[in-house]
Amino acid sequence: MNTVVERELELRLVLSPERSIAVPARLVYAAADPFAVSVTFHLGSQNPVHWTFARELLVEGVFRPCGHGDVRIWPSKVGGRNVLLMALSSPDGDALLQAPSVAVSAWLDRTLTLVPPGTEHGRLEMDAGLARLLEPAPADDLWRGDPWSEEAPGPDGE
C-alpha cells in the first residue's frame, strides 16, 4: 500500500534579518519511501525546486538543531511565533527558509502515525525485491551448462 501524506503551506525565504518573501511549498511523505520526506518549492517558474532528505532529520529539527552539509534544521522564534528554520545548500546556491512549526509538526505526526519510527524497514519489502532481482530470466537457461565440459567439442572441434 503506497499511502502519501501531503501538506501545502507557505514558507518564508529569508533574504535578510528584516526581509523575507513568501514561497508556496508542498511537503510529501510516501510510505513506499519510508525514510525520506520531500519538499517542493513553487517559485513562480515552470520548474519547481525539489529537495528530499531524511524524515528523521526533520523530526529531530523540531526539537533541536540538527544536520550538517546540505540540510540543516533548527527550531526558533520569529515575532513570537515558533518556526523551523531550514538551511539548504547546493552548488546553485544557499537558502534559509522559515516554516511554521505547528503546521510542520502536525504533518509530521501524520507521517509518524502512518509509519512509526523503527518500522520503516518493514515497508521496503526488500526480500520480495531481492527475490525478483535474482529470479532467473529465460535467457539464463543458455548459460546453465558448462561450456568446457567433456561433452562439449574442444577448440579444434574434436
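Colleague: Does R55 count as buried or exposed, and at what relative accessibility?

Modeller: In this predicted model, the cut-off for a buried residue is under 20% relative accessible area. R55 therefore counts as buried, with a relative accessibility of 3%.

Colleague: Where is R55 placed, and which backbone oxygens does the side chain of R55 reach?

Modeller: R55 lies in helix α1, which spans residues 55-61. A polar contact requires a pair of N or O atoms within 3.5 Å. At 2.9 Å, the R55 side chain reaches one such partner, the backbone oxygen of T111. At 2.8 Å, the R55 side chain reaches the backbone oxygen of V115.

Colleague: Which residues does R55 touch, not counting residues up to four places away in sequence?

Modeller: Contact here means heavy atoms within 4.5 Å. With residues up to four places away in sequence left out, R55 touches Y29, P34, F35, A36, V37, L108, T111, L112, V115, P116, P117 and E120.

Colleague: How does E6 count by relative accessibility, and in which strand is its place?

Modeller: The range between 20% and 50% is the partly exposed class. With a relative accessibility of 42%, E6 therefore counts as partly exposed. The strand that holds E6, residues 4-16, is β1.

Colleague: Which residues does E6 touch beyond four places in sequence, and how far in space is E6 from V37?

Modeller: Not counting residues up to four places away in sequence, E6 touches R26, L27, V28, W107 and R110. E6 and V37 are 31 residues apart in sequence, and their C-alpha to C-alpha distance is 10.0 Å.

Colleague: How many residues has the largest nonpolar core, and which helix gives the largest share?

Modeller: The largest nonpolar core has 31 residues, and L11, F41, F53, L58, I73, V104 and W107 have the most contacts inside it. The largest share of this core is 5 residues, and these come from helix α2 (residues 101-114).

Colleague: What is the volume of the largest cavity, and how many cavities of 30 Å³ or more are there?

Modeller: The count of cavities of 30 Å³ or more comes to 1. The largest cavity has a volume of about 40 Å³.

Colleague: Which residues line the largest cavity, and of what class are they?

Modeller: The lining consists of L9, L11, L27, V39, L58, L84, M86, A99 and V104. Strands β1 and β7 (81-90) are the elements that give two or more residues to this lining. V104 touches L9, L27, L58, L84 and A99, not counting residues up to four places away in sequence. By class, the lining has no polar and no charged residues, and 9 that are nonpolar.

Definitions and conventions:
Residues numbered from 1 in each chain as written. Predicted model: local features only at pLDDT ≥ 70, side-chain atom pairs only at ≥ 80, totals over all residues. Heavy atoms only, no water. Helix = DSSP H or I, 4+ residues; strand = E, 2+ residues; numbered from the N terminus. Buried < 20%, exposed > 50% of the residue type's maximum accessible area, 1.4 Å probe, protein only. Polar contact = N/O pair within 3.5 Å; in protein donor to acceptor, adjacent residues only side chain to side chain. Core = buried A, V, L, I, M, F, W, Y, C linked by side-chain atoms within 4.5 Å. 1 Å grid on protein atoms, 1.4 Å probe; cavity = no way out; pocket = protein on both sides within 12 Å on 5 of 7 lines; lining within 4 Å. Points joined across faces, edges and corners; volume = space filled by probe spheres on them. Nonpolar A, V, L, I, M, F, W, Y, C, P; charged D, E, K, R; others polar.
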